[in-house]
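Me: I would like to go through this model by question and answer. Please keep the replies brief.

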Amino acid sequence: MKDPIFIPSLFSRVIAVVMVLAILIILAVVLVAGHITTLDLAGTLISAVIIAYIVHLWIYYWKKPGPEEESDR
């Protein structure tokens, strides 16, 4: 069986954490710089979604039991 390329339950948890971090970083930049352009805001949010997808794949493959562990069960 092929491994999935999208795990909705894991992705929803990861995207929640990444979006909170992105918003906190945006707020910190606004406090330091005084303003942020719409292009910067959009780029940050789009990048956050891409990063969340990559991280959810890392977590899935990191926690997935390997073939040698599956044979022990």
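Me: In which helix of the chain is confidence highest, and in which is it lowest?

Reply: This is a predicted model, where local features need pLDDT of at least 70, side-chain atom pairs count only at pLDDT 80 or more, and totals for chains, interfaces and linings use all residues. Residues are numbered from 1 along each chain as its sequence is written, and side-chain values use heavy atoms, without hydrogens and water. The chain averages a pLDDT (the predictor's confidence in each residue, from 0 to 100) of 88, and 86% of the residues score at least 70. Among helices (DSSP runs of H or I, at least four residues, numbered from the N terminus), confidence is highest in α1, at a mean of 95, and lowest in α3 (residues 67-70), at 55.

Me: Which element gives the largest share of the largest nonpolar core?

Reply: A nonpolar core is a set of buried (under 20% relative accessible area, 1.4 Å probe, protein chains only) Ala, Val, Leu, Ile, Met, Phe, Trp, Tyr and Cys residues joined through side-chain atoms within 4.5 Å. The largest one has 9 residues, including Phe-11, Val-18 and Ala-48. Two or more residues each come from α1 (8-33) and α2 (38-63). The largest share, 6 residues, is from α1.

Me: How many charged residues are in the contact of α1 with α2?

Reply: Contact means heavy atoms within 4.5 Å. Residues making it include Met-19 and Ile-26 of α1, and Thr-44 and His-56 of α2. By class, the contact has 17 nonpolar and 2 polar residues; with Asp, Glu, Lys and Arg counted as charged, the number of charged residues is none.

Me: Which residues does Ile-7 contact?

Reply: Ile-7 belongs to the largest nonpolar core. Leaving aside neighbours within four places in sequence, Ile-7 is in contact with His-56 and Tyr-60.

Definitions and conventions
Buried < 20%, exposed > 50% of the residue type's maximum accessible area, 1.4 Å probe, protein only.
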